[in-house]
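Welcome aboard! Open your viewer, get your selection tool ready, and follow along one stop at a time.

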Amino acid sequence: MRLKAAFIFCLLAGLAISVSGLAQEGHPLTGTWYGDWGVGTAGNRNHLTMELNWDGKDVKGLVNPGPDSYPLKVCTLDSSKWTVHMEADGKDEKGQPAHFVADGKLENIGSYNRTITGTWNFGTTKATFKLRRD
Amino acid sequence: MRPRLIVVSAAFVLALITVLAAPRLLRAQTPQAPQGQVQAGAQPGAQPAQGQPGEQPGQGQRGFGRGARGGRGNQPQGPSKPTPRWPDGHPRLGAPSEDKGTWGSCCGSLSNAQTPFQDWAKALLDYRRNNEFEPHTRCKPSGGARQFVTPYGTEFVELLDQQKIEIFDIGGPHTFRTIYIDGKPHPANLVPSYYGDSRGHWEGDTLVVDTIGFNEGFWMDRAGSPHTEKLHFTEKFTRTDYNTMKYEVTVDDPGAYTQPWSNTFNMRWSAGQELFEYVCQDNNFAPVLLIGNEEKVDRSSVIIP
């Protein structure tokens with residue numbers, strides 16, 4: 001039992017060390033972000049993953065990497081206010097095509113696990129989103 | 001009554017002299033920061049080296065303690081000896097075999113008011129100046145000019161038979177960078193790393209070092225000038241005399257700056273010093289730079305990035 005616990009501890013420690021080794025300090029949006037969007041409580045939230053990358057001029061992004069992924073059409077950072085604007089032609093929670101407009105605030109910038117929170121709107125639906133850099 | 005008054009007065013005067021003289025006496029016993037560690041180029045907006053992570057924050061500014069700005073050896077006195085040379089005529093960047101010594105730290109901030117930042121990079125630099133969470137304080141290696149601002153300076157070891165030069169950080173992460181001088185180009189498909197891939201060649205008495213392949217896991221200078229993986233660093237090392245190393249650096253990073261930019265500094269020889277054991281994790285005096293102060297500790301992650 002102790003051996004098993006020690007193994008799990010070492011595994012987690014190793015994971016922590018390897019993840020921390022990937023820490024980057026470049027453009028604040030570059031990285032993989034996890035979170036959700038939706039209206040109201042936890043039951044109505046939809047999983048959200050974003051891969052963002054600064055190419056020197058623009059931030060390119062992919063929403064929910066995988067078979068249902070779609071690219072961000074717009075992703076801009078206003079570094080004077082640390083606000084983020086994103087637009088994409090994706091799908092809503094029912095899988096129907098929808099144009100998203102998201103505006104958020106980048107916070108805790110000095111942390112590896114910085115966050116973006118804000119509004120996530122499509123059509124007449126007003127939702128919110130939160131993302132945490134992982 | 002009168003003799004007693006004289007004794008009391010004399011004691012008072014003696015105590016007064018002691019109190020007034022003590023700071024001067026103490027200062028005389030404390031090693032002073034080497035003059036060469038202040039930037040020589042007098043670049044507008046440039047700053048001298050600040051407190052060294054791994055040491056108590058602010059120690060560098062106050063200049064107390066051994067090697068507060070790198071180098072705890074003897075500071076050279078009087079006129080410098082000429083530049084030491086190898087038999088083939090090239091300057092020796094490290095200590096000649098009959099001597100020992102290291103280079104003190106050189107450059108707090110590479111950037112200044114004229115630096116062509118992209119907007120996000122300038123904003124991030126400003127943020128970092130107010131919220132210092134530098135990876136170096138977490139004992140991570142630091143490439144670029146940041147290598148030359150580690151506590152206790154750096155030691156250059158020239159391995160001519162292997163056609164490479166090792167630069168050891170004495171403090172901080174206590175690691176080293178390799179500069180290959182075998183004439184081979186950078187490898188293709190470099191995996192980004194803290195020190196990147198450095199290739200050097202001699203132009204007269206100047207070692208020119210070209211480095212690419214950096215990761216984004218460090219600050220490239222003490223002030224926190226941002227960079228991306230597109231960073232291309234060109235350094236020129238010229239030992240102008242025994243005690244002085246001129247250090248010229250050009251930063252080309254289209255991910256963070258609108259055009260290449262340069263700066264120049266001097267490193268000062270710290271005579272008699274050798275590489276010694278330094279364990280960054282032990283007795284780290286920079287917890288504020290690790291996780292913030294007691295009023296504002298970053299607890300957003302179980303992982304210290």
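**Stop 1: Chain B**

Select chain B and walk from its N terminus: the elements come in the order α-α-β-α-β-β-β-β-β-β-β-β-α. That makes four helices and nine strands, where helices (H or I, at least four residues) and strands (E, at least two) are DSSP runs numbered from the N terminus. Before going further, note that this is a predicted model, in which local features need pLDDT of at least 70, side-chain atom pairs count only at pLDDT 80 or more, and totals for chains, interfaces and linings use all residues. Residues are numbered from 1 along each chain as its sequence is written, chains are lettered from A and ligands numbered from 1 in the order in which they are written, and side-chain values use heavy atoms, without hydrogens and water.

Of the 305 residues in chain B, 49% are buried (under 20% relative accessible area, with a 1.4 Å probe and protein chains only). Now turn on the surface: chain B exposes about 14,700 Å², and carbon and sulfur atoms supply 55% of that area (Shrake-Rupley method, 1.4 Å probe).

**Stop 2: Chain A**

Switch to chain A. Its elements run α-β-β-β-β-β-β-β-β from the N terminus, giving one helix and eight strands. Here 42% of the 134 residues are buried. The exposed area of chain A is about 7,400 Å², with 60% of it from carbon and sulfur atoms.

**Stop 3: A helix that meets the other chain**

Select residues 119–130 of chain B, which form helix α3. This helix has 12 residues and reaches 17 Å from its first C-alpha to its last, close to the 16 Å expected at 1.5 Å a residue (1.5 Å times one less than the number of residues).

Which residues of α3(B) are buried? Colour B:Trp120, B:Ala121, B:Ala123, B:Leu124, B:Leu125, B:Tyr127 and B:Arg128 to see them. Then show β2 (45–54) and β4 (70–78) of chain A, because the buried residues of α3(B) pack against these strands (contact means heavy atoms within 4.5 Å).

**Stop 4: The cavity**

Finally, look for enclosed space: the structure holds one cavity of 30 Å³ or more, and the largest cavity has about 100 Å³ of space. Of its 13 lining residues, select the closest to the centre: A:Glu25, A:Ile109, A:Gly110, B:Leu124 and B:Arg128. The lining has six nonpolar, four polar and three charged residues. A cavity here is a set of points on a 1 Å grid over the protein atoms alone where a 1.4 Å probe fits but cannot get out, and lining residues have an atom within 4 Å of a point. Grid points are joined across faces, edges and corners, and the volume is the space filled by probe spheres set on the points. Ala, Val, Leu, Ile, Met, Phe, Trp, Tyr, Cys and Pro count as nonpolar, Asp, Glu, Lys and Arg as charged, and the others, Gly among them, as polar.

Key: 1 Å grid on protein atoms, 1.4 Å probe; cavity = no way out; pocket = protein on both sides within 12 Å on 5 of 7 lines; lining within 4 Å. Buried < 20%, exposed > 50% of the residue type's maximum accessible area, 1.4 Å probe, protein only.
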